[in-house]
Amino acid sequence: MTQTRTETIPLTDGRDLRLTVAEPENAVRGGLVVLHEARGVTDTVRGLVGTLADEGWLVVAPHLYHDADEVADGDVSDQVSKLSGEAVLADTDVAFVWLGEQGVPADRMGVLGFDLGGAVAMVVAGSRTIGAAVTIGGGGILTPLSDGLPSLVEVAEELTCPWLGLYGDEDGEIALADVEKLRDAAASAEVATDVVRFADSSHRFDTSPAASAEAWHRALNWFDSHLR
């Protein structure tokens, strides 16, 4: 697996934004912004960043929690409640600028997130002009994850790039009826959309190796199809 590193980018408001990045050894196929889970930039997130680099992607993961890289389970709700749409879009914009500075054009940039990051990825896909987006188990479908974020059904009709949603049927935090409402809402967007449900799998897809493998291939195929 390709090794990751962390860069620090100064922001205009005087704060710093940390970016975990990984570069492929050979030709760059395009650039992906990875948005982390609710616990922050964990070893799982770093592993995903490195693995995507192994696939030929230039990858950057912005640390959406500015005061911590990773938080304990008991602190997750407090951290998520502080997030706003304006803040997460500003942070992902920095990541897209970073990719652009490495020579990646906007139509070859994508965004992928899971858990909290899955919801944020869809918010980005409804607000920015990029090549494609993938949401893996993102909550906040009908009720926003924080007061500063929109619900995903609100975002669905405004999608500006092809979007894929991957959801596990055994996710106790996301109702299947909500996933179907999101599917219907996204179908009215003017871009390609798809929602895929996996039986016997949670939102992390760790309860079913077969579902995990299929979700991984679907995500990669989505980017291969649309980031050209």
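Buried means under 20% relative accessible area, exposed means over 50%, and partly exposed is anything in between, using a 1.4 Å probe and protein chains only. We're looking at a predicted model, where local features need pLDDT of at least 70, side-chain atom pairs count only at pLDDT 80 or more, and totals for chains, interfaces and linings use all residues. Residues are numbered from 1 along each chain as its sequence is written, and side-chain values use heavy atoms, with hydrogens and water left out.

**Exercise 1. Place proline 105 and say how it is classed: buried, partly exposed or exposed.**

Step 1: Find it. Proline 105 sits in the loop between α3 and β5 (109–114). Helices (H or I, at least four residues) and strands (E, at least two) are DSSP runs, numbered from the N terminus.

Step 2: Apply the cut-offs. Its relative accessibility is 39%, so proline 105 counts as partly exposed.

Step 3: Look along the chain. Methionine 122 is 17 residues apart from proline 105, and their C-alpha atoms are separated by 20 Å.

**Exercise 2. Work out what stands out about the phi of aspartate 115.**

Step 1: Recall the background. Most residues other than glycine have a negative phi.

Step 2: Check this residue. Aspartate 115 is not a glycine, yet its phi is positive, about 60°.

Step 3: Add the setting. Aspartate 115 is in the loop between β5 and α4, and at 16% relative accessibility it counts as buried.

**Exercise 3. Decide how enclosed helix α4 is, then look at the cavity it helps to line.**

Step 1: Go through the helix. Helix α4 covers residues 116–125, and 10 of the 10 are buried, so the rest of the structure largely encloses it. Among them are Leu116, Met122 and Ala125.

Step 2: Turn to the cavity. On a 1 Å grid over the protein atoms alone, a cavity is a set of points where a 1.4 Å probe fits but cannot get out, a pocket is an open set with protein on both sides within 12 Å along at least five of seven lines, and lining residues have an atom within 4 Å of a point. Grid points are joined across faces, edges and corners, and a volume is the space filled by probe spheres set on the points. The largest cavity holds about 40 Å³.

Step 3: Read the lining. α4 gives the largest share, three residues. The lining includes Ala119, Val120 and Val123, along with Gly139 and Leu145.

**Exercise 4. Describe the second largest pocket.**

Step 1: Volume. This pocket has about 270 Å³.

Step 2: Lining. There are 17 lining residues, with Arg15, Leu64, His66, Ala87 and Asp91 nearest the centre. Helix α3 (residues 85–101) contributes the most, five residues.

Step 3: Classes. Count Ala, Val, Leu, Ile, Met, Phe, Trp, Tyr, Cys and Pro as nonpolar, Asp, Glu, Lys and Arg as charged, and the others, Gly among them, as polar. The pocket lining then has seven nonpolar, four polar and six charged residues.

**Exercise 5. Find out how the buried residues of α7 are arranged.**

Step 1: List them. They are Ala211, Ala215, Ala219, Leu220, Trp222 and Phe223.

Step 2: Look down the axis. The buried residues of α7 fall within an arc of 165° (from the directions between helix axis and C-beta atoms), so they line one face of the helix.

Step 3: Check the other side. The face turned away from the buried side carries exposed Pro209 and Ala210.
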